[in-house]
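User: I should like to learn how to read burial, contacts and core membership from a protein model. Could we work through some cases together?

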Amino acid sequence: RRVHGGIPKLRQYDFSERKGYMRGLVKDVIHDPGRGAPLAVVEFRDPYKFKKRKELFIASEGLFTGQYIYAGRRAALTTGNVLPLGGIPEGTLVCSVEEKTGDRGKIARCSGNFCAVISHNTDTKKTRIKLPSGMKKVVSSRNRAVIGIVAGGGRTEKPLLKAGRAYYKYKAKRKCWPKVRGVAMNPVEHPHGGGNHQHIGSPSTVKRSTPPGRKVGLIAARRTGLIRGGRKQKLAEKE
């Protein structure tokens, strides 16, 4: 399959999901070229016309063909189901989380990724979640998410080992490999280019307001260098 199957999204947010639930059947689990996570083809009944609608979901770990999944406020808390964040208990791992209500899933979509529900504020109807990066984010409790983590985890643990594998990996994605280093170029081609030895010759950090062309290296860096000890302790204090 050279052409990818489509953009995987949650169901269109409608009345049946807001008030009850919709039942879907996992018809197939497919590979999407250039994507680490598998996709699930889920068939739902159309709520308004006599026909079936096929949706593409990002498969959560443990999903299988022939499984029924439920999307909506009254759905059960099981792997693969789609629920609003307000109805998910604290500490639950979720994926394909909506950033804004009804955007059909924007956060934690890569293989093995997940968000963790930290806390709910019932007064403001907001939910605090922990993103895959470790950052905390406050989103609306009406935003939906899929229960479980994205399938295909541990993909990056196996090394590529040779350039040929990297070539085919990025060939399916986009033209972003191989990358030539700036210091290996000529001065006419890159701000780091030139010199009798491969060296940058000026600070690698640049201002946020640097004009395009010169804006290379560490852009508006707060700090540089290796992260020395005590970082875990600092993160624990922040939490």
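Analyst: The discussion below takes selected residues in turn. Please note that the model is predicted.

User: How should I read accessibility, and is Ser141 buried or exposed?

Analyst: Buried means under 20% relative accessible area. Ser141 has a relative accessibility of 13%, so Ser141 counts as buried. Its place in the chain is the loop between strand S9 (136–140) and strand S10 (144–147).

User: Which residues does Ser141 touch?

Analyst: Contact means heavy atoms within 4.5 Å. Leaving aside residues up to four places away in sequence, Ser141 touches Pro84, Leu85, Gly86, Lys125, Lys126 and Thr127. For Lys126, the backbone oxygen lies 3.4 Å from a polar atom of the Ser141 side chain.

User: How does Arg73 count by accessibility?

Analyst: The partly exposed class lies between under 20% and over 50%. Arg73, at 45% relative accessibility, therefore counts as partly exposed. Arg73 sits in the loop between strand S4 (68–72) and strand S5 (82–84). Beyond four places in sequence, its contacts are Glu17, Arg18, Lys19, Gly20 and Pro84.

User: Which residues touch the most other members of the largest nonpolar core?

Analyst: A nonpolar core joins buried residues of certain types through side-chain atoms within 4.5 Å. The largest one here has 36 residues, of which Leu85, Ile88, Val94, Val97 and Cys115 touch the most other members. Strands supplying at least two residues each include strand S1 (21–30) and strand S7 (115–121). The largest share, 5 residues, comes from S2. Leu85 also touches Ser141, and its other contacts include Val94, Val97 and Val117.

Notes: Residues are numbered from 1 along each chain as its sequence is written. This is a predicted model: local features need pLDDT of at least 70, side-chain atom pairs count only at pLDDT 80 or more; totals for chains, interfaces and linings use all residues. Side-chain values use heavy atoms; hydrogens and water are left out. Helices (H or I, at least four residues) and strands (E, at least two) are DSSP runs, numbered from the N terminus. Buried means under 20% relative accessible area, exposed over 50%, partly exposed in between (1.4 Å probe, protein chains only). A polar contact is a pair of N or O atoms within 3.5 Å; within protein, one must be able to donate a hydrogen and the other to accept it, and residues adjacent in sequence count only if both atoms are side-chain atoms.
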